[in-house]
Amino acid sequence: MLIDYRSDTLTRPGAKMKEAMLKAPVGDDVFGEDPTVNKLQEKMAALFGMEAALFCPSGTMTNQLAIKCHTQPGDEVICDELSHIYQYEGGGIAFNAGCSVQLLHGRYGLINAQLVEQAINNRHDIHKAYSSLVSLENTANRGGGACYDLVTIEQIKKVCRKHQLKLHLDGARLFNALIARNEQPKKYGQLFDSLSICLSKGLGAPVGSVLLGKQAFIEKAKRIRKVFGGAMRQAGILAAAGIYALDHHVERLAIDHQHAQQIAAVLQTKSFVGEIFPVETNILIFEIKGSFKTAQDFSKMLYEKGILVLPISPSHIRLVTHLDISREMVIKTLRVLEKIK
C-alpha cells in the first residue's frame with residue numbers, strides 16, 4: 001500500500017464519521033431548513049465568536065465569496081505572492097470579483113504591517129486601483145505550513161483600520177496553527193472581518209469549508225454563493241462530517257506536526273537535501289540537490305519504494321502529514337530515507 005503524503009486533502013472518512021453522516025437529520029439548506037447544516041454553522045460561529053457562518057463546498061469558494069463581498073470591480077487585493085487565493089484559485093480574484101492584486105514578497109508566505117502599509121495605493125491618485133482588502137493565509141501552504149504570530153496580525157489589523165481596509169483570513173489550516181501556537185479561536189474572530197476555514201484538510205472531513213463574518217456579510221455571501229452555483233440542498237450529510245471532525249480531530253493535529261518534524265530531522269542529515277523550510281505544522285517543504293538532479297527524480301525514486309510526495313517546483317518537494325498517516329507509516333518512511341545515499 002502506498003504511503004501518500006501529497007496532501008492532507010486525501011483523508012477518507014472513518015467508520016464513526018460515516019455513521020454520523022448516515023444518521024444526520026437533513027432538510028433543504030436553500031430554504032435554511034437543514035438542521036445539521038444550521039448546527040455546524042452555529043457551532044463554528046460560536047467557536048470563533050463571530051455573528052454568523054455559511055457552509056460551502058470548498059475553501060476556494062469561501063475565499064472567493066469573501067473577496068467578492070469585500071470589494072468592488074477595479075479594487076485591489078493585497079496578499080503575499082505565495083497566497084492560495086492568488087496561486088491556486090484559477091484567477092478567481094479577477095474572474096469573480098474583477099479585482100487586481102498587489103503581491104507582497106513576504107517570508108515563507110507571511111507578510112507584516114510595514115509591507116502592507118507600503119502597498120496601499122494613494123486614495124487620491126485616480127490612476128491607481130483602490131486598495132480595499134488584505135488577505136492573510138494561516139497556515140501558509142507554500143510557506144511550509146508557517147504560522148502567523150498574533151502580534152503581527154494585530155499590527156496588520158491596525159494598519160487596515162487606519163486606512164479603512166477589510167482583513168480576510170484564508171484559514172484553510174487554521175486549526176493546525178491554533179494547535180501549534182496554543183491559541184484561542186475567538187482571538188481570530190476579533191481580528192478579522194471574515195474567516196474561511198476548511199474542514200476537508202487536516203480535520204479529515206470529505207467535503208466542505210465554512211465562511212465566518214458579521215450577519216449582514218454572511219447574508220450577502222449567501223446570495224453570491226447562489227450565483228456561484230454553490231447552494232446545496234440536503235447538505236447535512238456533509239455538514240455532519242464537519243461536526244464530527246470538530247469534535248474529534250482537532251487536538252490530534254499535534255500528532256501530524258510531530259510526524260512532520262521527525263521526517264524533517266532525518267532529511268536534515270542528507271547531503272542531497274538543501275534548504276528545509278521551518279516545520280511548525282504538518283507541511284514539510286525541502287530542496288533537492290546533488291545526486292538527485294530534480295525534485296521529480298527524487299519523487300519517482302520514493303514512489304518506487306511505496307511513498308508518494310509532491311514536487312512543487314523543479315527543485316522542491318512538498319510532504320504533508322495527516323489523519324491517514326499512521327505511526328507505522330512514518331516509521332517506514334524514516335527507514336527508507338535513512339537508507340538513501
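Start with the cavity: this predicted model holds one of 30 Å³ or more. Its volume is about 50 Å³. To see the walls, select Ala172, Arg173, Leu174, Phe175, Asn176, Cys198, Leu199, Lys201, Gly202, Leu203 and Leu253. Seven of these lining residues are nonpolar, two are polar and two are charged. Now colour helix α8, residues 174–181, which gives the most to the lining, with three residues.

Next, go to the sheet. Select strand β9 (residues 273–276) and strand β10 (residues 283–288), an antiparallel pair held over two bridges. Isoleucine 276 has phenylalanine 286 of β10 as its bridge partner. Follow the chain from β9 to β10 and you pass through the six residues of a hairpin.

Add strand β13 (residues 316–320), which pairs with β12 in the antiparallel sense, again over two bridges. Here, proline 311 has its bridge partner in β13, namely isoleucine 317. With four strands shown, the open sheet reads β9-β10-β13-β12, with antiparallel pairing. β9 and β12 (310–311) are the edge strands; each has a single partner strand, so one side of each lacks a neighbour in the sheet.

Finish with the helices that lie across these strands. Select helix α12, residues 253–267: it lies across β9, β10 and β13 and runs at about 15° to β10. Leu253, in the cavity lining, belongs to this helix. Then select helix α13, residues 295–304, which lies across β10, β12 and β13, at about 40° to β13.

Note on methods: Residues numbered from 1 in each chain as written. Predicted model: local features only at pLDDT ≥ 70, side-chain atom pairs only at ≥ 80, totals over all residues. Heavy atoms only, no water. 1 Å grid on protein atoms, 1.4 Å probe; cavity = no way out; pocket = protein on both sides within 12 Å on 5 of 7 lines; lining within 4 Å. Points joined across faces, edges and corners; volume = space filled by probe spheres on them. Nonpolar A, V, L, I, M, F, W, Y, C, P; charged D, E, K, R; others polar. Pairing = 2+ DSSP bridges. Contact = heavy atoms within 4.5 Å. Axes fitted to C-alpha atoms, helices over the stretch in contact; angles between N-to-C directions.
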